[in-house]
Amino acid sequence: MKQLKNEELQKIEGGGIGFTTGLIITAGVAFLIGVIDGFVRPLPCR
């Protein structure tokens, strides 16, 4: 196994989506599910 030098380690970039982007997508999906649920199954105020 080859050891990387400090300069080579700094050039490495991560892949995938970021944590914040994942949170925003999850929150958006949860919001849309709530809106759809409110139209399909409206509950009266108590």
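**Exercise 1. Determine how many helices and strands the protein chain has, and describe its overall extent.**

Step 1. In this predicted model, the protein chain contains 2 helices and 0 strands. Helix 2 covers residues 19–40.

Step 2. Taken along the principal axes, the box filled by the C-alpha atoms of the protein chain comes to roughly 65 × 15 × 15 Å.

Step 3. A single pair of residues adds to this picture: Cys 45 and Ile 24 are 21 residues apart along the chain, and their C-alpha atoms are separated by 30 Å.

**Exercise 2. Establish what share of the residues counts as buried, and classify Cys 45 as buried or exposed.**

Step 1. The protein chain has 46 residues, of which 0% count as buried, where buried stands for a relative accessible area under 20%.

Step 2. The area exposed by the protein chain is about 4,900 Å², and carbon and sulfur atoms supply 66% of that area.

Step 3. Cys 45 is found in the segment after helix 2. Its relative accessibility is 81%, and Cys 45 therefore counts as exposed, since the cut-off for that class is over 50%.

**Exercise 3. Find the salt bridges of the structure, and give the accessibility class of residues that take part in them.**

Step 1. Searching the whole structure yields 2 salt bridges.

Step 2. One of them joins the side chains of Glu 8 and Lys 2, with an N to O distance of 3.9 Å, which satisfies the criterion of within 4 Å. Glu 8 is partly exposed, because its relative accessibility is 32%, whereas Lys 2, with a relative accessible area of 62%, is exposed.

Step 3. Another salt bridge links Asp 37 with Arg 41, and here the closest N and O atoms are 3.1 Å apart. Asp 37 has a relative accessible area of 32% and is therefore partly exposed.

Step 4. As for the charges of the protein chain, there are 5 positive and 4 negative side chains, and the centres of these two sets lie 7 Å apart.

**Exercise 4. Identify which residues make the nonpolar surface patch, and work out the place and accessibility class of Val 35.**

Step 1. The residues that make this nonpolar surface patch are Phe 31, Leu 32, Val 35, Ile 36, Phe 39 and Val 40, and the patch has an area of about 690 Å².

Step 2. Val 35, one of these residues, has its place in helix 2.

Step 3. With a relative accessibility of 33%, Val 35 counts as partly exposed; that value also meets the requirement of over 30% for patch residues.

Notes: Residues numbered from 1 in each chain as written. Predicted model: local features only at pLDDT ≥ 70, side-chain atom pairs only at ≥ 80, totals over all residues. Heavy atoms only, no water. Patch = residues over 30% accessible without salt bridge, like charges linked within 9 Å, V, L, I, M, F, W, Y side chains within 5 Å. Areas by Shrake-Rupley, 256 points an atom, 1.4 Å probe, with all protein chains shown as cover. Helix = DSSP H or I, 4+ residues; strand = E, 2+ residues; numbered from the N terminus. Buried < 20%, exposed > 50% of the residue type's maximum accessible area, 1.4 Å probe, protein only. Lys, Arg positive; Asp, Glu negative; His and termini not counted. Charge placed at Lys NZ, Arg CZ, Asp CG, Glu CD.
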